[in-house]
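Hi,

Here is the structure I promised to pass on. Have a look at it first, and my notes follow underneath.

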Amino acid sequence: MKMPLLNVCLAASLVQLASAATNGPAPAEGVTVETTTRPPASAETPAQRDARMAWWREAKFGLFLHWGVYSVPAGKYGSHTNYAEWIMNSARIPVAEYQAYAREFNPVKYDPAAWAKTARDAGMRYIVITAKHHDGFAMFPSAASKWNVVDATPYGQDLVGPLVQAAHDQGLKVGCYYSQSQDWNNPGGAKSGFPEGDGWDPVHKGDYDAYLNQVAVPQVRELLTRYPLDILWWDTPLYMTPKRIAPLAALVKLRPGLVTNNRLGGGFGGDTATPEQFVPVTGYPGDWETCMTMNDHWGYNAYDQNWKSSAELIRKLAEICAKGGNFLLNIGPTSAGEFPPASTARLHDIGQWLRVNGDSIYGTSRGPFAYLPWGVATRKGSLLYLHIFQWPNDGRLVVPLANEVKSASLLARPGSTLPVASRDGRLLLTLPAAAPDPADSVVALEIKGAPVLQPVPSAGAPAQASAWLPGSEPAHALDGSGQKCWRAPGNVKSAWLEVDLGQPTAIGAFGLDEPDVWPRLHQSYTLEVADASGWRKIAGGTTQGHGTCQSLPPVTARKFRLTMDCPQGSPGVAELQLYRAEE
Ligand code: GLC
């Protein structure tokens, strides 16, 4: 869920509210409490924020862990086997029945040191673990709720603290995911799909504000005072308002340097945007992180064998970094406390690739190209890292760049040099016959000066549409950023956007970002060109609200029309880009 950035003057008043919130339970025995507080967010200068975010921007790659009582049923309830961390809500499991799973939760094989080393060896630089997911189960001792790993399971020990320590021992940063609104066990906690204060089980009935003050605020305070966390990862801001988030947002200052995301709600922007399961075609401005599963589930599902390949995950990492983001890749551990072997195998492959090509990932910023037909590019100052996914059969790689080149070499072949020719504002690299890496072979290209390249033909082009909402005009779809969208009114199910490139232009690919909204828009799209016979379809398909980017048989035209069909109404796109065909 994307929230508008918080009005920074609100932050200053949050500190007073924090002290008004319940002091929360005393921390666990023998735990030192850091009570220093960081300056109010409103006092943070851009330079201070950059300093606080520096490690996160350098890190680029992290491990997401969705672990909890839901790993006991492992995705199965009745005859259905497609559940995971949402099983209690999706299957409408009564509270008493669900709590019985906790009596089987005994992760005797849990080895946080091994988990942290596996993450480190995979080239990951931080870990985020679910301290409390929507089911309300706390993976840490909590005086605010008996529904926790110490009081409700045979294991009876803190799971969060040892991982925090192990991560820091491995030189990794570490954080907790905390579902601040939803709690499907404590009365009053939000239950997605149900009115505030209610749920599918009579015992759910309760006061939401009482839940926030008696469970969520004390637990977040426990997490931030007991563990030296580097990240707090909020999720699903149901029923959240600025007044309700205030005590939670204020607690952030208990942990100096903490990085938070944009999912607290109530207008709290946090530090990072959180596109989920997709890579925004245009990237997002500022700090953002794609979180993604390796198969189709966040929590452990013993039946889900739809694994993304290691090559696909390596390319995702490169693609995300090329757009300027971080990659938070998920594992759902088993109830015994182990990583699924398929997950570990993929981490091993990614780690091997990063040991050779890490310079093209860590500390990089977004590359200069909106689209490349053969891969993506990351950047580090005058160095461009060309990530080649499709190795050219003829050994000739065209780079749409007009710069003079100082050097070109393969990261996998230190000391190698590649011949580079320059013609008509483009570079022509000559590559060896065989790709060093089947997933992603990287060329380090050192250029002179800032990148000189042609603009995207559709950027800023005149646009019209069949319908639009005030404030969601057609031009927003061509403004180069996915932050403002073109949207039709809610009662419209199908709408078109027409782009005039001003002159016939050879187009070889297109990309579209969709509005990052919940529930996701499931749209169908049709792309047409205007030719002598009228509008001719050149591409079509459906989306999962995640946009799409596709190459096309090159077509030369001046006018293009994108039609979006959205059964739930209010079709639209955040950004449409038409990319020049490579002659
Ligand atoms: C989705 C899932 C939730 C998961 C989150 C991670 O919202 O519903 O269970 O924790 O993605 O981003």
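I'll start with a loop: threonine 236 sits in the stretch between strand 4 (231-234) and helix 9. Keep in mind that this is a predicted model. Threonine 236 is not a glycine, yet its phi is positive, at about 45°. Most residues other than glycine have a negative phi. Buried or exposed? Threonine 236 counts as buried, because its relative accessibility is 8%.

Tyrosine 239 is in the loop between strand 4 and helix 9 too. Here again a residue that is not a glycine has a positive phi, this time about 55°. With a relative accessibility of 23%, tyrosine 239 counts as partly exposed.

Helix 9 itself covers residues 242-251, and eight of its ten residues are buried, so the rest of the structure largely encloses it. The buried ones are Arg244, Ile245, Ala246, Pro247, Leu248, Ala249, Ala250 and Leu251.

Now the ligand, which is probably what you'll open first. Which residues are around it? The set is Phe64, His66, Glu85, Trp86, His133, Tyr177, Trp233, Asp235, Arg263, Glu276, Cys291 and Trp298. Sorted by class, that shell has six nonpolar, two polar and four charged residues.

Three side chains have a polar atom placed against a ligand oxygen:

- Glutamate 85: an N or O atom of its side chain is 2.7 Å from an oxygen atom of the ligand.
- Histidine 133: the distance from a side-chain N or O atom to a ligand oxygen is 2.8 Å.
- Arginine 263: a polar side-chain atom lies 3.1 Å from an oxygen atom of the ligand.

On its own the ligand would expose 310 Å², and the protein buries 91% of that.

Further along the chain, have a look at aspartate 565 in strand 21 (residues 548-565). What does its side chain pair with? It makes a polar contact with the side chain of serine 494, at 2.4 Å. Aspartate 565 and serine 494 are 71 residues apart in sequence, while their C-alpha atoms are 4.3 Å apart in space. Beyond its neighbours within four places in sequence, aspartate 565 is in contact with Lys493, Ser494, His522, Gln523 and Ser524. Aspartate 565 is partly exposed, with a relative accessible area of 30%.

There is also a cis peptide bond to check in your setup: tryptophan 518 and proline 519 are joined that way, with omega about -5°. Most peptide bonds are trans. Proline 519 belongs to the loop between strand 18 (494-513) and strand 19 (524-531).

Finally, the overall picture. The protein has eleven helices and 23 strands. Its C-alpha trace spans about 70 × 60 × 55 Å along the principal axes. How does the radius of gyration fit the length? A compact globule of 583 residues would come out near 25 Å, and the protein has 25 Å, so the two agree. Of the 583 residues, 56% count as buried. Among contacts between residues at least 6 apart in sequence, 73% join residues at least 24 apart. The accessible surface is about 22200 Å², with 53% of it belonging to carbon and sulfur atoms.

Cheers

Notes. Residues numbered from 1 in each chain as written. Predicted model: local features only at pLDDT ≥ 70, side-chain atom pairs only at ≥ 80, totals over all residues. Heavy atoms only, no water. Near = heavy atom within 4 Å. Polar contact = N/O pair within 3.5 Å; in protein donor to acceptor, adjacent residues only side chain to side chain. Areas by Shrake-Rupley, 256 points an atom, 1.4 Å probe, with all protein chains shown as cover. Nonpolar A, V, L, I, M, F, W, Y, C, P; charged D, E, K, R; others polar. Helix = DSSP H or I, 4+ residues; strand = E, 2+ residues; numbered from the N terminus. Rg over C-alpha atoms; globule rule 2.2 N^0.38 Å. Buried < 20%, exposed > 50% of the residue type's maximum accessible area, 1.4 Å probe, protein only. Contact = heavy atoms within 4.5 Å.
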